[in-house]
Structure formats: structure tokens, C-alpha cells
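Welcome! Please take a first look at the sequence and the model below, and keep the viewer open while you read.

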Amino acid sequence: MKYDEINISLMGTKIHVKILHENPSEILTQCNKMLNEFNERYTIYNNNSELMNVNLNAHIHPIKVKEDLFELIKLGKIHSVDENSNLNICIGPIVKLWNIGFDNAKIPSKEEFDEKLKLVNPNDLILDEENKTIFFNKEVMEIDLGAVAKGYFADKILDYLKSENVLSAIIDLGGNILTHGFNLESPDINWKIGLQDADLPRGNHLMMLEINDLSIVTSGIYERKLVINGKNYHHIFDSKTGYPIETDMTSISIISKKSVDCEIWSSKLFGKSFDEIEKICLSEKHIEAIAQYKNSEIKFTKGIHKYILGRK
């Protein structure tokens, strides 16, 4: 048995899947196929995707979708309608208004904000559980699954790997990391994950973590941003104002069993006070959090201690 891996560029990021199996090649080929299929179906940058069919037509009549897409949208809505959440899967009109990360990024005008903020209320997203249909109460609404999709994809890939009796694996979807089993190439057989220092270039770690059979996902503002007149505008938006969330936090990382839970909670909790983050983690029980602030200040919930190998 040996490790084998794939490295591909997809979903606007670099993807790495590494597995231990007697016949890894066929399994990795299927992983590649699954990831490409997810990307084609769920992207908002191709009008022919299943998700864009919803975005373009769901204000006209209910759109029937496949069960997995319905369940992901349903999950996203559950966490979006929470008034205390910074996750909103209906934020698409605001995201495209700013277009941060693209050459035509700009600060929108007040008139543009006034128009688009009417279109981001998740309560206007109507789901029919029985028929698996999506309907928009308002025209030009748009679902953006960027805050939940990669975690969902990682979990689906892991489900497939387990069905093929893969004993050991790491799935890295652009920093959304999920491990399975132990790392038999490591002397202590543990998966070691470096937590990026948000104040330094990629590859500089603020903390090293030991994570087996767990996922870690980070939401941060240190890579995608717009700089105008010396002021930074990041890409994590407040759907009440349309502006980037005002915070000294530079990133939050969530550790949990399921990658989709990590992704959801890293979005929901971004920008919250750490007291509130600790209370929520204690209440939820299945998540732990690490928050970074400007000047490399770091805070983490009590359960993180057992994962720490070393830190600055």
C-alpha cells in the first residue's frame, strides 16, 4: 500500500487530495471527477450551472433541483435566517456589487446599496421540501454558496473515500482541510496543520496543530481585499449595511468533525466578540475556535489546547 495524490486548480483555488490505498489511481480519478462536477453544478460564474439556473429563473417560478443541492441550500438558509449570524447565502447581489478579487472591484454608490440590500433577505428564499423546489419572493435575488460549498464538497469526498476503504487521507480544498485516519508517513503518525499568520505572507505559521479525523476551516480577510486611498476593504460583508464587517479580527478558524460545520461556523462567527464566540462554542459543543486579530494577537477556546503542537 502506498500514498498517492492529486493537485488541481479549481474553484478559484488549489486543491490537494492525498490517500493511502492499494489502488489509489482509480479512486483519485473519481475524486477529480466529483470535484469538477461539484464545481460545474454549484458555480455562480457559469450561467449554465444548476445553481445559476436557480438564480436566473427562481423569481419567475419554483425551480426543481437535485436533492443534494436542495439540502445544501436548506442548510445554508437555516444558518442565514439566524439574526445573530454573519452568514447569508443570499448575499450574492452585494458580493457582485463590490466584486472584490476581480479587476473591476469598486466601492458601490449609496444608490446601488439601497437597491441591492432589498434583495439579500434569506426569508425571501422559499423552499418546498416535498417537491425540492426553490423560489425567490423578489426578482434579481441570488444565492451564493461560497460560504458553505467547499466544506460540503470535502465531506462528500470523504464519504466516497470511506466507501472505498481508504485508510488514511487528507483533503485540502484551498485551505479547507479534512483529515481521515492517521498520517503513516509521519514519525508520530499524526496529521500536522500549520495555521497561517494573517499578518505575514502565506507559509508563515502562527500555530501548529495536530488534527486527526477532523476538519479545520479558516475565514480570513488577509488575501482578498480592495485598497482605495490607503483603506482596506475585505470580502466578508455585513448584509445589513452592504459594507465589509467592521472588526479587528483578521481570521477565525473552526475545528470540528464535519468540514461543512467548520465552514458554516467560520462564517457565522467572523467578527464576533471572543466572549460571544466562547459562549457559542460551549453551547454547540461540537466546534472549537481560534481567532486572530491585528498584530498577530490570538485567542482560542479551551478545547483547542489538546490540538496545539507549538506556537509563536
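What follows is a guided tour of helices, sheets, cores and two loops. Please keep in mind that this is a predicted model.

**Helix α1**

Let us start with helix α1, residues 24-42. With 19 residues at 1.5 Å a residue, α1 should span 27 Å, and its end C-alpha atoms are indeed 27 Å apart, so the two values agree. Which residues of α1 are buried? They are Pro 24, Ile 27, Leu 28, Cys 31, Met 34, Leu 35, Phe 38, Arg 41 and Tyr 42. Looking down the axis of α1, you would find these buried residues within an arc of 155°, so they line one face of the helix. A general rule helps here: an α-helix has 3.6 residues a turn, so residues three or four places apart point the same way. On the other side of α1, the exposed residues are Glu 26, Thr 29, Lys 33 and Glu 40.

What do the buried residues of α1 pack against? Their partners are the strands β1 (2-10), β2 (13-21) and β6 (168-173), along with the helices α2 (50-57), α3 (67-80) and α6 (149-163).

**Helix α6**

One of those partners, α6, deserves a visit of its own. Its 15 residues reach 21 Å from the first C-alpha to the last, close to the 21 Å expected at 1.5 Å a residue. Helix α6 is mostly covered, with eleven of its 15 residues buried. Among them are Gly 151, Tyr 152, Phe 153, Ile 157, Leu 158 and Leu 161, but also Lys 150 and Asp 155. The buried residues of α6 pack against β2, β6 and β7, and against the helices α1, α3 and α7.

**The eight-stranded sheet**

Now turn to the strands. Eight of them form an open sheet in the order β1-β2-β6-β7-β10-β13-β14-β15, with antiparallel pairing. At the edges stand β1 and β15 (297-300), each with a single partner strand, so one side of each is left without a neighbour in the sheet. From one strand to the next, the twist averages 10°.

Inside this sheet, five bridges pair β6 with β7 (residues 176-180) in the antiparallel sense. For a single example, find Asp 172, whose bridge partner in β7 is Ile 177. Helix α7 (residues 259-268) lies across β7, β10 (215-220) and β13 (249-256), while helix α8 (residues 274-284) packs on the sheet by touching β13, β14 (288-293) and β15.

**The three-stranded sheet**

There is also an open sheet of three strands, ordered β3-β5-β4 and paired antiparallel. Here β3 (63-64) and β4 (125-128) are the edge strands; each has a single partner, so one side of each lacks a neighbour in the sheet. Two bridges join β3 to β5 (residues 133-136), and in β5 the bridge partner of Lys 64 is Thr 133. Helix α3 packs on this sheet, touching β4 and β5.

The table gathers the angles between helices and strands.

| Helix | Strand | Angle between directions |
|---|---|---|
| α3 | β4 | about 135° |
| α7 | β10 | about 25° |
| α8 | β14 | about 170° |

**Nonpolar cores**

Which residues touch the most other members of the largest nonpolar core? In this core of 69 residues, they are Ile 73, Ile 134, Ile 143, Leu 145, Leu 161 and Ile 171. Helix α6 gives the core its largest share, eight residues. If you centre your view on Ile 73, you can look for its contacts, including Leu 51, Ile 89, Leu 125, Ile 134 and Leu 145. A second, separate core has 19 residues, including Tyr 3, Leu 20, Leu 206 and Ile 298.

**Two loop residues**

The last stop is the backbone. Most residues other than glycine have a negative phi. Met 11, however, has a positive phi of about 60° although it is not a glycine. You can find Met 11 in the loop between β1 and β2, where its relative accessible area of 23% makes it partly exposed. Asn 165 also has a positive phi, near 60°. Asn 165 sits in the loop between α6 and β6, just after α6. With 58% relative accessibility, Asn 165 counts as exposed.

Conventions
Residues numbered from 1 in each chain as written. Predicted model: local features only at pLDDT ≥ 70, side-chain atom pairs only at ≥ 80, totals over all residues. Heavy atoms only, no water. Helix = DSSP H or I, 4+ residues; strand = E, 2+ residues; numbered from the N terminus. Expected span 1.5 Å × (residues − 1). Buried < 20%, exposed > 50% of the residue type's maximum accessible area, 1.4 Å probe, protein only. Arc of directions from axis to C-beta. Contact = heavy atoms within 4.5 Å. Pairing = 2+ DSSP bridges. Axes fitted to C-alpha atoms, helices over the stretch in contact; angles between N-to-C directions. Core = buried A, V, L, I, M, F, W, Y, C linked by side-chain atoms within 4.5 Å.
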